[in-house]
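Let's talk through this structure together. Each label deserves a reason, and we can work them out one by one.

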Amino acid sequence: MRRLTAATAAALLAAGLAALAARAGDAGEALFLRGEGAEVVLAGGRLRRPASDFACAGCHGADGRGRREGGTVFPPILWSALTDPARPGGPYDEAALARALESGTAPDGRSLGAAMPRFALAEPGLISALARYLAQLDLRQRRGVTADGIALAPPADPAAARAFAAALAAENLAGGAWGRRFRLGRAAASLATAEEAAAALAPAIDRALAGLAAEALRASGQARAAVAPDAARLGPALAAQGVTLAEDAGARLAPTAGGMRLSLPGGRVLEIAPADTPDGGTPPDAMPGPLAAAALLGHEIARAALACGRGITRACLLETLGRADLAGRYAIRAAEPPASSD
Amino acid sequence: MTSAARLLALALLLVPAPALPHGTHHGDHAAEAVVAEPERLALPNLPVTDRFGRRTGFRDALPPGQPVILSFTYTACDTLCDISNAVLTVVDAELGAGPARAATIVTVAIDPVRDTPEAMTAEAEKLGAGPGWLWLSGGPQGTRPLLEALRFPPGALEDHDPMFLVGQPCLGLFTRVVGLADPDALLALARAQPPCDG
């Protein structure tokens with residue numbers, strides 16, 4: 001009985017320690033991505049508020065590699081960059097990180113700029129958790145990236161997976177990206193899943209569809225269009241293109257599996273769908289919408305990987321997909337072939 | 001001294017020490033506030049929508065005779081806008097409410113698509129913005145002309161420096177502050193604006 005209790009206690013202790021360790025890791029991530037566990041102290045202490053709008057990832061990037069905005073440079077804060085002995089301003093350790101966050105002091109004692117808020121942490125242990133997260137960031141952001149390959153998890157649907165794989169194979173034939181070939185991998189061992197990449201690409205697709213739809217409306221003399229409820233997200237982008245949205249308009253936009261269908265007054269129907277790609281990647285005309293979309297995704301992942309360069313990260317890949325200009329990747333066709341003249 | 005010379009003298013006094021170029025450190029944060037010489041700027045009366053969805057002219061939206069602090073933001077911003085807006089939260093609180101309030105804060109939305117009245121209201125409520133803090137958007141078609149009229153530099157939404165314009169609309173004279181301004185500097189600049197009949 002006694003021994004059982006001791007064993008149980010040991011097991012409980014081990015489980016407790018593991019949970020604590022896991023929580024510490026999560027706490028670093030929560031602070032980095034969402035500002036959880038900290039308050040921001042602004043204007044010389046006159047303003048304190050939860051740091052949720054001031055998370056590290058907002059300015060320094062979810063990949064921690066830094067970025068710039070106008071004249072402001074947000075430096076890289078990967079642990080390897082912060083602890084670099086050659087770092088101007090001196091290398092950080094955990095104590096120096098705490099001083100930077102809490103009092104805005106660099107390792108060499110100088111003040112950080114006004115763009116870097118001061119933080120009040122809920123508990124001192126968060127500094128270690130944050131430092132550990134910053135150290136893991138490089139690894140997390142480069143999961144699936146090897147010397148000669150980039151692993152991506154394919155779509156769940158088998159046919160879509162084949163179209164996705166074919167597009168990546170075509171990109172591999174065209175040279176891959178920076179000496180790396182695209183491979184299919186498990187989600188847990190990939191830079192991103194097809195679903196994650198598709199979600200990142202969605203705003204770019206919406207911009208392209210809205211642009212082409214507005215162009216087609218203008219070309220057919222329509223200033224107004226009705227938008228189907230399941231395409232309502234295109235509304236603002238269409239309005240920005242000068243299209244007036246009206247329920248009773250003669251022109252009507254509705255989504256299709258791979259794009260958009262535009263019905264014009266007089267019975268003309270136009271289909272906006274992924275176009276043949278000029279570089280040899282070929283979602284053929286006959287390819288059904290979802291497969292063409294999967295192929296487009298594969299090609300766009302390859303373009304984004306090229307743009308991200310040798311040091312590709314997951315955050316760079318997903319952000320680059322969101323900024324993609326897809327205007328040339330979609331085409332407008334008559335929905336039905338013209339009737340033959342016999 | 002002319003109004004312009006007086007404002008310039010004040011502006012030079014107001015530049016906080018870290019705002020000078022030698023105050024930036026190892027390139028970490030290059031943009032500190034730079035206060036420009038007062039400039040002639042007639043506020044346009046272009047159509048705008050406020051955060052309650054009311055359509056009005058930009059100039060007509062402002063209480064007559066009162067200095068304004070203009071700022072620029074987009075509601076999807078997750079970088080410097082949040083700090084600029086926090087600065088304005090302090091300014092808004094210091095200005096107080098009621099007839100004695102010395103200035104109006106006007107936040108101009110720069111995202112023509114996503115800065116809807118609902119999005120502006122959500123942002124204003126998150127910041128606890130008072131009734132003397134206006135949120136105005138030119139909307140899908142009116143944002144670009146409005147920003148051009150205010151000489152807001154063109155470019156990608158997410159690639160702008162923080163910018164404030166402090167001035168007296170009736171006199172058409174504004175001081176442009178580029179970078180993260182100190183709330184006290186903005187307040188002093190607003191309070192130093194000459195009255196309309198002066």
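Q: Happy to start with helix 9 and helix 10 of chain A: which residues meet there?

A: This is a predicted model, so we are reading a prediction throughout. From helix 9 of chain A come A:Glu300, A:Ala304, A:Ala305, A:Ala307 and A:Cys308, and they meet A:Cys316, A:Leu317, A:Thr320 and A:Leu321 in helix 10 of chain A. By class, the residues of this contact are 7 nonpolar, 1 polar and 1 charged.

Q: Why is helix 9 of chain A called oblique to helix 10 of chain A?

A: Two packed helices are described by the angle between their axes and the distance between the axes. Here the axes of helix 9 (residues 289–308) and helix 10 (residues 314–322) of chain A come within 9 Å and cross at roughly 120°. Angles of 65 to 115 degrees count as roughly perpendicular and those over 145 as roughly antiparallel. The value of roughly 120° falls in neither range, and that makes helix 9 of chain A oblique to helix 10 of chain A.

Q: What is the handedness of the crossing of helix 9 and helix 10 of chain A?

A: The crossing of these two helices of chain A is right-handed.

Q: What makes strand 7 and strand 8 of chain A edge strands?

A: The sheet in chain A is open, with 3 strands in the order 7-6-8 and parallel pairing. Strand 7 (181–184) and strand 8 (192–193) of chain A each have a single partner strand, so one side of each is left without a neighbour in the sheet.

Q: How do you know that strand 6 of chain A pairs with strand 7 of chain A?

A: Pairing needs at least two bridges between the strands. Strand 6 (residues 149–153) and strand 7 of chain A are joined by 4 bridges and run parallel, which meets that requirement. In this pairing, A:Gly149 stands opposite A:Arg181 in strand 7 of chain A.

Q: Moving to chain B, how many helices and strands does it have, and in what order do they run?

A: Chain B has 5 helices and 9 strands. From its N terminus on, the elements of chain B run α-β-β-β-β-β-α-β-α-β-α-β-β-α.

Q: What share of chain B is buried?

A: A residue counts as buried if 20 or more other C-beta atoms lie within 10 Å of its own. Of the 198 residues in chain B, 47% are buried.

Q: What does each chain give to the contact between chain A and chain B?

A: Chain B gives 29 residues and chain A gives 29 residues. On the side of chain B that touches chain A, helix 2 (residues 80–95) of chain B gives the most, with 7 residues. That side of chain B has 13 nonpolar, 8 polar and 8 charged residues.

Technical notes:
Residues numbered from 1 in each chain as written. Chains lettered and ligands numbered in written order. Predicted model: local features only at pLDDT ≥ 70, side-chain atom pairs only at ≥ 80, totals over all residues. Axes fitted to C-alpha atoms, helices over the stretch in contact; angles between N-to-C directions. Parallel < 35°, antiparallel > 145°, perpendicular 65-115°, else oblique. Left-handed = near helix turned anticlockwise from the far one by under 90°. Contact = placed C-beta atoms within 7 Å. Nonpolar A, V, L, I, M, F, W, Y, C, P; charged D, E, K, R; others polar. Buried ≥ 20, exposed ≤ 12 C-beta atoms within 10 Å, placed from the backbone.
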